[in-house]
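Dear colleague,

I am handing over the structure we spoke about, and I would be glad if you could look through it with the notes below at hand.

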Amino acid sequence: QVNNFILWSQNQALFTTAQTRMDQTGRAVAFIENATPNQDLQTAFDAALASLATAQSENASAKSAFAQGLPASQSLTLIKQSLDSLSITYQNFSTVGTLIKGLLPQ
């Protein structure tokens, strides 16, 4: 359980970075949407928001698992799930970036 807690603790920087990127991406999407509304861009951004929310929820659940003294296998599963969801978030960021590049004048 101690090893899992150390792993979870080291992953917190990843969640902070993802939230910062989400904030930056949100500002870019809002700016572009204001000038040129694009449903695909909004859908991709919404998917990124949803996957980050899922990742953060799973991350909080892993933290709770430590506090509740749940078995190490449960906390490790939650850590893995949160990182998988965070990976999906970055895939969604990539999609948003590609769509933004396509909307910007060349």
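What follows is a short account of what was found, arranged by helix and then by aromatic rings. Please keep in mind throughout that this is a predicted model.

Helix 2

Helix 2 covers residues 39-68, and its 30 residues reach 43 Å from the first C-alpha to the last, which is close to the 44 Å expected at 1.5 Å a residue. At the start of this helix, a side-chain oxygen of Asn-38 comes to within 3.0 Å of the backbone nitrogen of Asp-40, while the residue that follows the helix is Gly-69, with a positive phi near 70°.

Among the buried residues of helix 2 are several alanines, including Ala-44, Ala-48, Ala-55 and Ala-62, but the list also holds Phe-45 and Phe-66 as well as the polar residues Ser-51, Glu-58 and Asn-59. The cover over the buried residues of helix 2 includes helix 1 (2-35) and helix 3 (72-103). Ser-57, which also lies in helix 2, counts as partly exposed because its relative accessibility is 43%, between the limits of 20% and 50%. The C-alpha atom of Ser-57 is separated by 9.9 Å from that of Ser-85, although the two residues are 28 apart along the chain.

Asn-92 and helix 2

Asn-92 lies in helix 3 and counts as buried, because its relative accessibility of 15% falls under the 20% limit. Where does the side chain of Asn-92 reach a backbone oxygen? The partner is Ala-47, whose backbone oxygen is reached at 3.2 Å. Leaving aside neighbours within four places in sequence, Asn-92 is in contact with Ala-44, Ala-47, Ala-48 and Ser-51; of these, Ala-44, Ala-48 and Ser-51 are among the buried residues of helix 2.

Aromatic rings

The structure holds four aromatic pairs. One of them is formed by Tyr-90 and Phe-93, an edge-to-face pair with 5.2 Å from centre to centre and 85° between the planes. These two residues are separated by about one helical turn, because they are three residues apart in helix 3. In an α-helix there are 3.6 residues a turn, so residues three or four places apart point the same way. Tyr-90 is nevertheless partly exposed, with a relative accessible area of 30%, whereas Phe-93 counts as buried at 2% relative accessibility. Elsewhere, ring pairs link Phe-5, Trp-8 and Phe-66 into a cluster, and Phe-66 is also one of the buried residues of helix 2.

With best regards

Technical notes. Residues numbered from 1 in each chain as written. Predicted model: local features only at pLDDT ≥ 70, side-chain atom pairs only at ≥ 80, totals over all residues. Heavy atoms only, no water. Helix = DSSP H or I, 4+ residues; strand = E, 2+ residues; numbered from the N terminus. Expected span 1.5 Å × (residues − 1). Buried < 20%, exposed > 50% of the residue type's maximum accessible area, 1.4 Å probe, protein only. Contact = heavy atoms within 4.5 Å. Polar contact = N/O pair within 3.5 Å; in protein donor to acceptor, adjacent residues only side chain to side chain. Phe/Tyr/Trp six-rings, centres within 6.5 Å; stacked < 30°, edge-to-face > 60°.
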